[in-house]
Each structure stands twice: as structure tokens, then as C-alpha cells.
Amino acid sequence: MLRFVLRRLALLVPVLVGLSILLFIWLRALPGDPARSMLGQRATPEGIARINESYGFDQPLVTQYFSYVKALLTGDFGSSIQDGRPVVETFFEKFPATLELGFSALLLAVVLGVPLGYLAARHQGRTLDTFVVSGSLLGVVTPVFFLAILLKLVFADWLNWLPSSLRQDPRIEATHITNFYVLDGLMTREWDAAFDALVHLILPAVALGTIPLAIIVRITRASVAEVLNEDYVRTAESKGLSRRIVSRRHVLRNALLPVVTTIGLQAGLLFSGAVLTETVFAFNGIGEYLFTAISGRDYPVLQAYILFIALIYALINLLVDMTYGVIDPRVRVS
Amino acid sequence: MPPAPPPSAAEPDPFISPDEAKGVSLWRGAWQRLRRNPTAILGALIVLAFIVIAIVAPLLTPYEPGSAEWSGEVTPTDVPGPSDNHVLGLDRFGSDLLTQLLFGARQSLVYGVASTAIGLTIGAFLGVLAGGLGGWVDTFVMRVVDIMLSVPSLLLAVSVAAVLGQNAYAIMIAIGAAQVPIFARLLRGSMLSQGRSDYVLAASALGIRRRRIVMGHVLPNSVGPTIVQATLNLATAIIEVAALSFLGLGESDPANAEWGRMLVAAQDRFENDPQLALLPGAAIAITALGFTLLGEALREALDPRSRR
């Protein structure tokens with residue numbers, strides 16, 4: 001297992017290096033330049049030249065790339081061109097928000113999706129099944145931002161049950177250590193802060209979690225339905241094993257492989273939806289920050305964030321492959 | 001155990017499906033299965049209605065899209081609802097809401113089809129190249145595809161839109177680019193699996209050149225899964241067009257109605273006029289539903305394993 005993980009991590013290096021080079025060239029191919037967007041109306045040729053010089057943008061691309069990598073290796077990710085803050089600083093402020101949101105959404109999707117899909121498969125053709133199947137189809141085709149708007153309209157504006165924006169009520173004095181607000185509240189025992197952050201998470205998480213939920217339900221249902229038809233399940237049932245043991249040892253174990261793949265895939269895809277969800281709920285994550293970084297041609301921010309997102313994506317894939325081994329001894333790493 | 005009696009002519013052979021027994025082709029069989037599948041019919045009807053509306057939109061409404069002709073009737077708190085002249089009322093800029101919705105179908109169709117076509121063309125080319133040539137070409141192409149996959153699709157689309165500026169082509173290319181890896185993987189996969197199949201071995205044993213094998217045998221056999229994927233991608237593309245608009249990177253010409261932009265504009269009018277958001281949102285969802293149903297029904301119909 002360890003050798004497998006190490007090999008996969010080693011394979012990750014060329015992909016990340018490749019991505020960093022492509023990103024580097026790609027970003028600099030964007031029309032418009034950071035100096036101009038920084039100075040705006042006041043841009044003079046001298047001012048632009050001065051900024052380009054101080055950030056090293058006047059150097060040849062190869063030189064720029066190597067000094068960038070050199071700085072990276074010493075842990076220096078540079079500073080944002082837009083607000084001048086170190087990339088690392090804003091990163092630890094905003095990334096936890098997006099991760100918290102993404103994790104809650106995925107948790108919701110898995111915790112509800114797998115049992116629902118399983119139940120639907122067990123009751124194929126009956127009312128419950130029809131209900132679950134049509135519901136999940138609706139979930140797949142509803143755009144995230146539309147669902148987010150609807151949820152906000154109904155549960156925040158009309159019913160006034162839940163907050164419509166932000167991550168926490170600004171009137172609450174909360175200590176932030178990790179910037180995962182719920183976690184912070186629990187760590188500092190500020191229960192009301194934790195609870196408030198949790199309440200603020202509900203609508204965005206439901207909005208973001210619905211598509212993965214729908215997809216997980218569908219895959220689980222299909223996969224369980226297929227396994228239920230297998231001879232070994234019939235054998236297990238006919239030799240008198242209880243239904244619970246058959247489901248746990250035979251059905252779920254075999255049916256869960258494609259489900260785990262799907263969960264991993266959805267975790268990776270969550271990011272696009274997170275940007276849209278954060279926009280609707282003014283959830284101060286990386287979505288909006290990245291978005292303004294693109295229009296401001298903020299190279300350091302874009303480079304660091306996109307690389308990190310790709311790294312997370314790759315690690316999720318690795319985790320998925322490792323889970324295979326746990327579920328299915330046949331794929332236990334060769 | 002006595003030998004089984006030979007199957008009589010009257011009794012169907014359990015090992016051969018009725019389709020095969022009659023010698024029905026893949027496509028005809030698929031068509032017959034589609035016709036019997038109610039969800040396929042529903043999907044096809046939605047898609048058909050969407051296409052027809054998109055094409056004949058100008059005939060269905062006397063008004064022009066984006067003409068803020070009645071903007072005087074819109075107040076900061078209220079947008080006029082249904083009336084004799086405006087079946088669904090106005091939008092917040094004072095255009096006829098129904099007209100905006102109908103013409104929005106046109107934008108979605110054009111953008112959806114164009115971006116899927118771009119994704120399909122480039123993706124299929126890369127996939128065939130990788131799967132057909134193998135070796136270092138394969139490694140290189142697939143690494144590039146991996147890298148593309150590791151960047152979230154919306155981010156990819158946003159950055160393409162940022163490079164190419166805010167025009168129709170940029171939007172199509174941006175959304176098409178996000179589909180390239182999907183098609184590249186699909187085509188490469190089917191090239192590889194069919195490259196090992198008996199008929200390809202037979203063809204190459206006969207001395208037929210590689211290019212002809214690819215063009216004449218492998219590609220035609222990949223058409224089915226490609227059509228399925230393209231249909232499903234159309235649903236995603238239509239949603240992504242709206243998502244780009246939602247982020248302010250989509251269609252910017254007010255004369256072209258677009259569902260995503262209608263949603264954004266409706267956001268601050270929710271409390272009093274929810275229909276402004278509900279209708280375009282529902283339009284996007286229903287259209288995506290149509291393509292998804294049709295695509296999944298096609299997949300089932302073309303999959304030999306699902307034949308009964």
C-alpha cells in the first residue's frame with residue numbers, strides 16, 4: 001500500500017509541474033496586464049513600467065518561471081497584485097470557507113444519497129423507488145445557482161427560517177483559529193458561534209450538495225440493483241443468511257465500488273458549483289476572490305490557487321483508489 | 001442427463017434475443033427500443049419543443065427581444081404582471097417576459113450546440129490521435145487531458161472567456177473547451193478497446209492500412225457512445241452557458257435574451273416578482289431534463305446488454 005501511495009504521489013509531480021508551466025504561459029497570454037488593471041485610469045507608461053519592473057514582469061518568461069519556482073520552493077507564494085496581501089494569508093482565510101462548504105455538501109450527499117439509492121434499489125418499481133428516481137433526476141438537471149436562489153427565496157426571504165448570506169452573524173464575537181468556523185466554535189467552546197456558523201452553512205450546503213446527492217442516489221441504485229441480481233446473492237439468500245448479513249457482506253461490498261468512484265469524482269467537480277453558490281450567498285470563500293483575480297490578471301493568486309485546487313483534486317483521486325483496496329480485496333494493490 | 005432436444009422453430013432460443021434472431025441492425029433495434037420507452041418519448045418531446053421554439057421564436061411573439069419599450073411601467077418595487085398584451089407580464093427592464101423566454105431558447109440552442117460541437121471535434125480528434133497512434137503521442141495527449149481535467153470546468157471556461165473577451169465565440173469556445181477532455185477520453189477508450197477486437201485484428205491481418213481501419217471500422221463503431229455523450233453534454237452546456245451569464249461573463253448584448261442573465265437580473269426582485277426568476281430557471285432545468293432523458297434512453301437503447 002505504502003509503495004502504491006508513494007508511486008502515485010511521485011506521478012503527481014510531473015502533472016503539477018506541467019500544470020504550473022501551462023498556467024504560467026496561459027495566464028500571461030491573457031490580454032490586458034496586471035499593471036494596467038492595478039493603476040486603472042491613472043496608468044502612465046512610466047507607472048506601468050515601474051510596476052512591471054518591481055514584479056519582474058519585464059523579464060523573459062523562462063526567467064520569470066524559474067524565479068517563481070525558486071520562490072515556491074522556499075515557501076514564498078508571492079503577494080496578490082490586487083490587494084497586496086500575501087497569497088498565503090488570504091489563502092488560509094478563504095480556502096477553509098470553501099472547504100467547509102464543499103465538505104458539508106458532500107457529507108450531505110453521501111449520508112442521504114447512499115441509503116436512498118439502496119432503498120430505491122430494494123424497492124424497485126414501487127412508489128418509493130419512483131419517487132427517489134424522479135427526485136434525483138430533477139436534482140441532476142437543476143442548475144446550482146437556480147437552486148441556490150430558490151432556497152434563499154423560500155427559506156430565508158419568505159419563511160425567515162435561515163440566514164440568507166455570510167458565514168456567521170457579524171454581531172457574534174467569535175475567535176477564529178483555523179477559519180473553519182464550525183470547528184473554531186467547537187475548539188474554543190463558543191457553542192453559540194459554532195451553532196451560528198452551522199446554521200449559516202445549511203442553505204449553501206443543500207444548494208451545492210443537491211447535484212452530487214442526485215448523482216450518488218442514481219449510481220447507488222443502479223449498482224445495488226445489478227448486484228441484487230447476481231447469483232452469489234441468490235446463493236447467500238438461499239442458504240439462509242439473514243437479509244442484513246447478505247446486504248452487508250455481499251450486496252453493499254460489491255455495489256459500493258462505483259459509488260466510491262462517483263463520490264470522488266463529485267468531490268472534484270464540487271468546485272465549480274461552490275463558486276456559484278458562494279456568489280449567491282455572499283459566502284466569503286475563494287470563489288469570488290478567484291473570480292476577481294481573473295479579471296484583475298492577478299498572476300500570483302491565480303497560479304497558487306489553481307495549482308492547489310489541482311493538487312486537492314489529485315489527492316481526492318488517490319484517496320478513491322485507496323478506498324477500493326479497503327472495499328474490494330481483489331483490487332488490493334498489485 | 002439426456003441431451004437437450006434441439007430448439008423447435010416455434011420456441012424462441014433463450015440465448016438469442018428476438019432482435020438478433022431476426023437480424024435487426026443495432027440502429028434499427030435501438031429505434032424500436034426507444035419507441036417503446038416512455039421516458040425516451042418524453043425527453044424527445046421536450047427536446048423537439050425546445051428546438052422548434054428556438055427556430056420559430058419570432059413567429060410566436062409580436063415583440064422584439066430586449067426592447068425596453070415598456071420600461072416606464074416598471075417601478076422599483078413592482079413589475080407589471082400578466083395582461084392582455086403581455087401573457088406573462090414584463091421583465092424588470094420593461095421587455096415582454098414571454099418574448100425574452102422564447103428568444104432565450106434560441107441563445108441556449110445556438111450556444112449549446114456550437115460549444116458541444118467544438119468540444120466534440122477537438123476532443124474526438126485528440127482521442128483518436130492518442131488511441132490510434134499510441135506510444136508517446138498517447139502519453140503526451142492524455143497527460144494534457146489529465147491537466148485539463150484537474151482544472152475545474154467553470155474555472156477553465158472563465159479563464160477562456162477572460163482571454164477571448166466577452167463575445168459569442170468566446171462563450172462557445174469556453175464551454176466547448178471544458179468538454180474536450182470528456183470526448184478525448186471517450187474516443188481513446190473506444191479506440192483502445194476496439195483495437196483489440198477480432199474484426200480489427202482480422203482487418204489488419206488482411207493487410208488493410210491502419211488509417212482505413214480507423215476510419216472504416218473503429219470510428220463508425222464509436223458513433224453510438226459519442227452521440228449519447230453529446231446529448232448528455234448538451235444538457236450540461238446549456239446549464240454552463242447560463243452559469244457564465246450568471247457570473248457576468250456571458251452574452252452581453254441586451255438584444256439577445258439569455259436565461260442565465262434573466263436569472264441574475266431577477267435576483268433583487270424576488271420578494272415581489274418571483275416569476276422573473278422562476279420561469280427562466282425552470283426553462284433551463286426543463287431543457288436540461290429533456291436532453292438528459294433522451295441521452296440516457298439512447299444509452300440504454302444502444303447498449304447491447306440492455307436488450308431483452
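What follows is a short chat about a predicted model with chains A and B.

Me: Before we start, what rules apply to this predicted model?
Reply: Local features need pLDDT of at least 70 and side-chain atom pairs count only at pLDDT 80 or more, while totals for chains, interfaces and linings use all residues; side-chain values use heavy atoms, with hydrogens and water left out. Residues are numbered from 1 along each chain as its sequence is written, and chains are lettered from A and ligands numbered from 1 in the order in which they are written.

Me: How many helices and strands are in chain A?
Reply: Chain A has 13 helices and 0 strands. Both are DSSP runs numbered from the N terminus: helices are H or I with at least four residues, strands are E with at least two.

Me: What does the C-alpha trace of chain A span?
Reply: About 85 × 55 × 40 Å along its principal axes.

Me: Switching to chain B, how many residues has helix α4?
Reply: α4(B) covers residues 97–133, which is 37 residues. From first C-alpha to last it reaches 53 Å, close to the 54 Å expected at 1.5 Å a residue; the expected span is 1.5 Å times one less than the number of residues.

Me: Which residue follows α4(B)?
Reply: B:Gly134, with a positive phi near 65°.

Me: How many residues does each chain bring to the contact?
Reply: Chain B brings 36 residues and chain A brings 34. Contact here means heavy atoms within 4.5 Å.

Me: And what area is buried between chain B and chain A?
Reply: About 3200 Å², with 82% of that from carbon and sulfur atoms. Buried area is the accessible area (1.4 Å probe) that two parts lose on being put together, summed over both.

Me: Which side chains meet in a salt bridge?
Reply: B:Glu296 and A:Arg218, at 2.4 Å, N to O. The rule finds 1 salt bridge across this interface, taking a side-chain nitrogen of Lys or Arg within 4 Å of a carboxyl oxygen of Asp or Glu.

Me: New topic: how many cavities of 30 Å³ or more are there?
Reply: The structure holds 1, with about 60 Å³ of space. On a 1 Å grid over the protein atoms alone, a cavity is a set of points where a 1.4 Å probe fits but cannot get out, and a pocket is an open set with protein on both sides within 12 Å along at least five of seven lines; lining residues have an atom within 4 Å of a point. Points are joined across faces, edges and corners, and volume is the space filled by probe spheres set on them.

Me: Which helix gives the most to that largest cavity's lining?
Reply: α12(A), with 4 residues. The lining also includes residues of chain B, among them B:Pro152 and B:Leu247.

Me: What about the second largest pocket, how much space is there?
Reply: About 630 Å³. Among the residues closest to its centre are A:Leu99 and A:Phe103, and α5(A) gives the largest share of the lining, 10 residues.
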